[in-house]
Amino acid sequence: MEVDRTRKFARVAQLLECRCIDLLDWFNTQFRARGSSTLKYVAPLFGLSWDVDDDAGGSTSMLKIEQARAPEGAEARECCLRFNEADAAAQPAIRDGLRQAPQRI
């Protein structure tokens, strides 16, 4: 969970305190990635993929959100839901994959 992004919402930050960690921050302190260490790059290493546009992040994502807000945005809403479901599935896939990985000393 990107806990750092919830700090602007005091009540949410308070509820999450000591219950969640920032997965990206933890991953970056434990591992060194040659490229990006975001969910879209790390999760496929553990068998997870997104069944939406290849460029599902960034500006494409913001465009889909804007389209989903429109009354005729049913298709965009569905796309956003699939994208968010994959994001939510990525975190436990990475966590469980790391737990099963051989420990190196």
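This report describes the fold, the nonpolar core, the aromatic residues and the salt bridges of a predicted model.

## Overall architecture

The secondary structure of the chain consists of five helices and zero strands, so that, read from the N terminus, its elements follow the order α-α-α-α-α. Of the 105 residues in the chain, 27% are buried. Among the contacts with a separation of 6 or more, 45% are between residues that stand 24 or more positions apart. The chain exposes about 8,400 Å², and carbon and sulfur atoms supply 53% of that area.

## Helix 5

Helix 5 covers residues 74-100 and has 27 residues, with 39 Å from its first C-alpha to its last, a span close to the 39 Å expected at 1.5 Å a residue. The buried residues of this helix are Ala-76, Cys-79, Cys-80, Phe-83, Ala-86, Asp-87, Ala-90, Ile-94, Gly-97 and Leu-98, a list that contains the acidic residue Asp-87 as well as nonpolar ones such as Phe-83 and Ile-94.

Ala-76, which is found in helix 5, counts as buried because its relative accessibility is 6%, under the 20% that sets the limit for burial. Leaving aside neighbours within four places in sequence, Ala-76 is in contact with Lys-64, Gln-67 and Ala-68. The C-alpha atoms of Ala-76 and Lys-64 are separated by 5.5 Å, although the two residues are 12 residues apart along the chain. Lys-64 belongs to the stretch of residues 58-69 that makes up helix 4, and the contacts of Ala-76 with Lys-64, Gln-67 and Ala-68 therefore join helix 5 to helix 4.

## The nonpolar core

In soluble globular proteins, nonpolar side chains tend to be buried together. In this model the largest nonpolar core has 12 residues, namely Leu-23, Phe-27, Leu-39, Val-42, Ala-43, Leu-48, Trp-50, Phe-83, Ala-86, Ala-90, Ile-94 and Leu-98. Helix 2 (23-30), helix 3 (39-42) and helix 5 each supply at least two residues of this core, and the largest share, five residues, comes from helix 5.

Phe-27, one of the core residues, touches Ser-37 and Val-42 when residues up to four places away in sequence are not counted. Val-42 is itself listed in the core, whereas Ser-37 is not part of that list.

## Aromatic residues

A search of the whole structure finds two aromatic pairs. One of them is formed by Trp-26 and Phe-31, whose arrangement is edge-to-face, with 6.0 Å centre to centre and 70° between the planes. Trp-26, Phe-27 and Phe-31 form one aromatic cluster, and Phe-27 also appears among the residues of the largest nonpolar core.

The two partners of the edge-to-face pair are both outside the buried class: Trp-26 is partly exposed because its relative accessible area is 33%, and Phe-31 is partly exposed because its relative accessible area is 37%.

## Salt bridges

A search of the whole structure finds three salt bridges. In one of them, Asp-87 is paired with Lys-40, and the closest N and O atoms are 2.9 Å apart. This pair links distant parts of the chain, as Asp-87 lies in helix 5 and Lys-40 in helix 3, 47 residues apart. Asp-87 counts as buried because its relative accessibility of 18% falls under the 20% cut-off, while Lys-40 is partly exposed, with a relative accessible area of 31%. Besides Lys-40, Asp-87 touches Leu-39 and Trp-50, not counting residues up to four places away in sequence, and both Leu-39 and Trp-50 are residues of the largest nonpolar core.

Glu-66 forms a salt bridge with Arg-69, in which the closest N and O atoms are 2.7 Å apart. Both residues lie in helix 4, three residues apart, about one turn of the helix. Glu-66 counts as partly exposed at 47% relative accessibility, whereas Arg-69 is exposed, with a relative accessible area of 62%. In the remaining salt bridge, Asp-96 is paired with Arg-95, and the closest N and O atoms are 3.0 Å apart. Asp-96 is partly exposed, with a relative accessible area of 32%, and Arg-95 counts as partly exposed at 40% relative accessibility.

Technical notes. Residues numbered from 1 in each chain as written. Predicted model: local features only at pLDDT ≥ 70, side-chain atom pairs only at ≥ 80, totals over all residues. Heavy atoms only, no water. Helix = DSSP H or I, 4+ residues; strand = E, 2+ residues; numbered from the N terminus. Contact = heavy atoms within 4.5 Å. Phe/Tyr/Trp six-rings, centres within 6.5 Å; stacked < 30°, edge-to-face > 60°. Buried < 20%, exposed > 50% of the residue type's maximum accessible area, 1.4 Å probe, protein only. Core = buried A, V, L, I, M, F, W, Y, C linked by side-chain atoms within 4.5 Å. Expected span 1.5 Å × (residues − 1). Areas by Shrake-Rupley, 256 points an atom, 1.4 Å probe, with all protein chains shown as cover. Salt bridge = Lys/Arg side-chain N within 4 Å of Asp/Glu carboxyl O.
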